[in-house]
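Open the model in your viewer and keep the sequence panel visible. The stops below say what to select and what is found there.

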Amino acid sequence: MMGYLRSSVSVPDGMASSFHCSPMDSKALLAANAKPPVFFPAAVAKASPNPLPDGFRSEPRPPPAVRALKAPKFAEADAFPDSLPLHSKNPHVIYKDIQRFARLGQLKKALTILDYLEHRGVPVNTTTFSALLAACSRLKALAFGRQVHVHLRLHGLESNEFLLTKLVEMYASCGSLDDARRVFEELSPKSVFPWNALLKGNVAGGPRWGHAPLAVFSEMRGRGVDANEYTFSCLLKSFAGSPAFAQGTKAHALLIKNGFASASVLLQTCLIDMYFKCGKTHMAMKVFDEITERDIVLWGAVIAGFAHNGLRWEALKYLRWMGSEGIEPNSVIVTSILPVIGELAERHLGREIHAFVLKRFRNYHKMVFVQSGLIDMYCKCRDMVSGRRVFYGSNERNAVSWTALMSGYASNGRLEQALRSVVWMQQEGIKPDVVSIATAVPVCAQLKATRQGKELHAYAVKNWFLPNVSMSTSLMTMYSACGNLEYSCRLFDMMEKRNVLAWTALVDSYLKNGCPYDALHVFRSMLQANRRPDVVALARILNTCGEIGALKLGREAHGQVLKMKLESAPIAIAEVVKMYGRCRDVETARKVYDRIETKGSLSYSTSVHRCSNLERQRLLDHEEDLFAAAAAAAAGFHVTNKERSQNASDLKLELQEVKPCAQVAHLCGAMACKEACKAITDL
């Protein structure tokens, strides 16, 4: 202690030999000078203690010799947190540890072991590096992938074509196309495998419906490389659901030309998936009927395709057909069919699926996605008791299961419990993801809970969920529902990429806050920004134009309907007729109405808005269509209350087999015909 003080304390000139400091005095002096200042933390004061007073300064003595710093020892406990030390393990067992961490997505632990092996000079085999690169591709972990690339060079495997092919796929999947091309140039241009890796990486890591996969395939054919089965499967995946349906049919023709169409069940399954996602159900079923040997993957693609296109009863039909052929559904098919059962509210069928899962799947308690599907199904069937029983009976709950329960609370009107679920899941140590927050934000809009909505907004900003178009749109809708139009406009201005949903949300925000003219101005700005409005946006604008009598802008919106070929959409053409009727342009409304090929309930009910009393009486006498009679009975201003009651009674008898839509019932209430409205809604 005294030695340290002598080396650190300075004294004035001439007093070095006469100044002595006892141990007690030096301790007291250090204690007095070690007190931290008021406005600084203790750590800073301890690192730089106050100097002695000016009267005790002298020539500084040389500092003590600095000892050489040793490199930190790489502890085996850090490298092997869940396994034995290196000296007691076989290298092949260590390789399996790395591969296991890679499969689980724990790349940091896997690379820690890899660094430890590199430090000890233990080589790593090709299979381990392949597992690591596959995990980086799956997780799109570019930083970890670059580290694996460095280890490849350190192990002298930079010329291994198999690993270089994996590197091409990894870089392309992570979006680093320049690095993928750089590694690709080192491989043989005549081999199909590097091309397949580049093609798969562009499909997985590129933008949705991008042109890169098709460009790679065209370049591949231009260089004379023959495509194989895997090449066409990646290409068909890039066409699935894209607007390039013609390119998909060309790929199908190329498959037939090369003899792949009927030789591989994999390619036939990819074709069915592509046609279903492009909305071509009949073409998908043509391919399905040509297949003689059908495996479970093919059946799963067909069932998922019907569910994707809203053909729910067909999905259940093919599920029964699959069972009649002796093929039991797996967890993927169960996960696909549970939302279909929930949307149909077939609770008894859902209980049968639940019983099958409990009977057949031994690891049911670990299948979180199946449990989440069951929770969602029961909640959609209005059986919250069974949904909660499945949820609390699960041993492994994650953000997906919590979000399913939260959505069930919201859909069943338990809004406060849905909002509290965000707190409850955090109390269990589960962090809400972007889907959980997107589910909770509309609940705040329904409750008009501005404070909770702002807290969710802050959580989204803190966890980098923004900028996200869907999240920003939900927040805009929430703020507009709470009456905070300023925040909605700020969110819209901060968005980097604005799609049609964002523009529609801004239009809806102005409409909800009583600013119809501003909403029309936003619609004009949307058209000037070359954004084509969807059918929902056009319907809202047409309704607004009818309410305020803006005939000129309504005609512009009608032109957009014709330009986008939405005449067959019932909601769009009905709003067009209603808009012209409200703007007193009855002649144009009549022309638009007469051009409708299939007149549904929306068209009949909206036609009443532009009819005179005489025309309404003619509709009432027109008994061939019950929808027209319902609309006319609702709008019968010229009849007495007694006659209205009689019309309502007759109407109830006539509509036993035909159920009108909610628009007709709404029209009945708007036209002050409560008896007809009650008769229709009771059906």
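Start by selecting S372 in this predicted model; S372 sits in helix α21, which spans residues 368-380. With a relative accessible area of 5%, S372 falls under the 20% cut-off and therefore counts as buried. Leaving out residues up to four places away in sequence, show what S372 touches: V400, S401 and A404.

Keep α21 on screen and add helix α19, residues 331-344. The axes of the two helices lie 8 Å apart, at an angle of about 10°. Angles under 35 degrees count as roughly parallel, so α19 and α21 are described that way. To see the contact, select S331, V334, T335, L338, P339, I341, G342 and E343 on the α19 side. On the α21 side, select V370, G373, L374, M377 and K380. Coloured by class, this contact shows seven nonpolar, four polar and two charged residues.

Next, which residues have the most contacts inside the largest nonpolar core? Select I272, F288, Y318, I337, L475 and M478; the core they belong to has 126 residues. Centre on F288 and display what it touches beyond four places in sequence: I272, R294, L298, W299, V302, Y318 and W321. A second core, separate from that one, has 43 residues, including A141, Y171, F184 and V225.

Now move to helix α9 and pick E169. Is this residue buried or exposed? E169 is buried, because its relative accessible area of 14% is under 20%. Apart from neighbours within four places in sequence, E169 is in contact with S137, A197, K200 and G201.

Follow the chain from α9 (161-173) into the loop before α10 (177-184), and select G175 there. The relative accessibility of G175 is 47%, so this glycine counts as partly exposed. Add G205 and draw a C-alpha to C-alpha distance: the two residues are 5.2 Å apart in space and 30 residues apart in sequence.

Finish with the annotated repeats. An unreviewed UniProt entry carries the annotation "repeat: PPR" for residues 160-194, 295-329, 398-432 and 499-533. Select 295-329: this span is 74% helix and 0% strand, and its end C-alpha atoms are 11 Å apart. Then select 499-533, where the chain is 74% helix and 0% strand and the end C-alpha atoms lie 9 Å apart.

Conventions
Residues numbered from 1 in each chain as written. Predicted model: local features only at pLDDT ≥ 70, side-chain atom pairs only at ≥ 80, totals over all residues. Heavy atoms only, no water. UniProt positions renumbered as here; feature names shortened; annotations may be inferred. Helix = DSSP H or I, 4+ residues; strand = E, 2+ residues; numbered from the N terminus. Buried < 20%, exposed > 50% of the residue type's maximum accessible area, 1.4 Å probe, protein only. Contact = heavy atoms within 4.5 Å. Core = buried A, V, L, I, M, F, W, Y, C linked by side-chain atoms within 4.5 Å. Axes fitted to C-alpha atoms, helices over the stretch in contact; angles between N-to-C directions. Parallel < 35°, antiparallel > 145°, perpendicular 65-115°, else oblique. Nonpolar A, V, L, I, M, F, W, Y, C, P; charged D, E, K, R; others polar.
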